[in-house]
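Let's take a friendly look at how some strands and helices fit together here. Have the structure open and follow along.

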Amino acid sequence: MTPIQSCILKKTKGISPVWIMRQAGRYLPEFRKIRKTNKDFIKLCFNKKLVSEITLQPIRRFNFDAAIIFSDILIIPHALGQTVSFTKDLGPQLDVLDIPRIKKVKYDDFTKFLEPIYSALKKISNNKILRKKDIIGFVGSPWTILVYMINCSSPKKKLIPHFYKDEILFKEIFQIISDFTKIHIFNQVKSGATLIQLFDSWAGLVKKNKLQEYIYEQNRNIVDYIKSLKVPAICFPRGIKDYGSFVNHVKPDVISIDYNVKPEKILSKIDIPIQGGIDPKILLTNKDNVKKEVNKYKEIFKDHPYIFNLGHGILPDTDPKMVEYFVKIIKDK
Ligand code: CP3
């Protein structure tokens with residue numbers, strides 16, 4: 001059994017497993033080198049050889065307990081024909097939403113379009129370096145994907161003024177997104193993913209009176225589906241105020257907390273395995289701070305199943321040497 005799976009089954013004694021959100025990415029010189037000659041990010045996500053290579057880069061360097069497939073949550077709208085592109089300053093840009101056109105997309109064509117991702121997963125699952133390690137497949141949660149599909153760009157940059165007006169539109173899009181999300185999850189699991197993480201990066205935007213409908217029900221539906229495939233589901237509802245209530249409604253196998261959550265406060269509210277929480281900015285400071293922070297989390301979670309990770313993606317300016325040190329301190333007895 002892998003360290004993460006045994007942690008989830010609450011059999012872990014001693015050392016907690018570790019992986020890092022966005023571990024395959026820009027802080028690694030070997031990634032930046034590939035990126036230099038592959039300027040189109042989306043195109044890179046469909047290059048099965050390079051996807052496998054980039055996925056394995058952080059494993060070779062840091063021996064993390066899991067690989068996460070190099071891809072993006074916005075691959076789903078892209079595969080539905082709502083073309084996605086990335087520009088340096090603006091972040092992701094999506095074509096206008098055309099629901100009648102999306103409704104014509106056939107499940108088989110969607111799967112065929114995403115085939116390079118599944119081939120990459122198959123390829124890496126045969127690699128010896130991943131023995132006794134998990135391969136994490138992932139999707140965006142329906143709400144977060146809906147935000148991008150309607151808003152056509154990051155809500156951090158701008159949120160269209162009439163965003164919340166059209167309830168019927170929301171219902172229709174939720175249905176489409178969750179149907180295709182399940183297919184993408186099924187295909188990833190069939191191709192070798194041993195865990196699925198749901199990124200609800202914009203959960204924090206939802207007002208209390210809509211949490212049930214947009215966040216709890218949508219995540220619960222996908223989590224139930226993942227469980228039916230007999231793989232664990234990790235949820236990351238970033239920015240949500242009440243993680244305890246989320247866990248009670250959604251019942252994931254693991255809850256990943258963001259860096260605004262006080263780890264000592266969450267313990268009494270949650271009785272499932274916990275992941276993450278460490279502020280990515282810590283890795284920009286110095287070794288003393290990193291050591292202090294890791295030891296703080298070790299102490300707080302000494303009697304609770306815990307997977308070391310950050311409270312959001314690793315920052316591009318992070319020195320890989322600091323990541324090496326982070327892992328070393330985690331693994332030191
Ligand atoms: O974790 C990993 O190493 C696997 C790969 C991964 C990427 N994106 C690669 C990527 C994962 C798990 C994601 C998830 C993702 N993508 C999320 C959810 C997590 C989160 O950060 O909240 C979201 C919201 C996206 C959408 C997205 N993709 C944005 C907003 C951006 C631009 C801003 C940014 O962070 O660069 C991306 C681009 C992206 N996705 C890059 C990578 C490595 C950077 C591309 C580059 O410039 O090289």
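The notes below go through a group of strands and then a pair of helices in this predicted model.

## Strand β6 and its two faces

A good place to begin is strand β6, residues 233-236, which is covered on both faces. Ala233 and Cys235 are buried on one side, while Ile234 and Phe236 are buried on the other. In a regular strand, side chains alternate between the two faces of the sheet.

## Neighbours of β6

Strand β5 (residues 195-199) runs parallel to β6, and 4 bridges join the two. Phenylalanine 199 has phenylalanine 236 of β6 as its bridge partner. To get from β5 to β6, the chain passes through helix α11 (residues 211-228), in a right-handed β-α-β crossover.

Strand β7, residues 254-257, also pairs with β6 in the parallel sense, over 2 bridges. Here cysteine 235 stands opposite isoleucine 255 of β7. Helix α12 (residues 243-250) completes a β-α-β unit with β6 and β7, and that unit is right-handed.

## Helices α8 and α10

Now turn to helix α8 (residues 115-125) and helix α10 (residues 167-190). Their axes lie 8 Å apart, and the two helices pack at an angle of about 30°. Angles under 35 degrees count as roughly parallel, so α8 and α10 are roughly parallel to each other. The crossing of α8 past α10 is right-handed.

Which residues meet where these helices pack? From α8 come Ile117, Tyr118 and Leu121, and these meet His184, Asn187 and Gln188 of α10.

Note on methods
Residues are numbered from 1 along each chain as its sequence is written. This is a predicted model: local features need pLDDT of at least 70, side-chain atom pairs count only at pLDDT 80 or more; totals for chains, interfaces and linings use all residues. Side-chain values use heavy atoms; hydrogens and water are left out. Buried means under 20% relative accessible area, exposed over 50%, partly exposed in between (1.4 Å probe, protein chains only). Two strands pair if DSSP finds at least two bridges between them. A crossover is right-handed if, with the strands pointing away from the viewer, the path from the first strand over the helix to the second runs clockwise. Axes are lines fitted to C-alpha atoms, for helices over the stretch in contact, and angles run from 0 to 180 degrees between N-to-C directions. Angles under 35 degrees count as roughly parallel, over 145 as roughly antiparallel, 65 to 115 as roughly perpendicular and the rest as oblique. A crossing is left-handed if the near helix is turned anticlockwise from the far one by less than a right angle, and right-handed if clockwise. Contact means heavy atoms within 4.5 Å.
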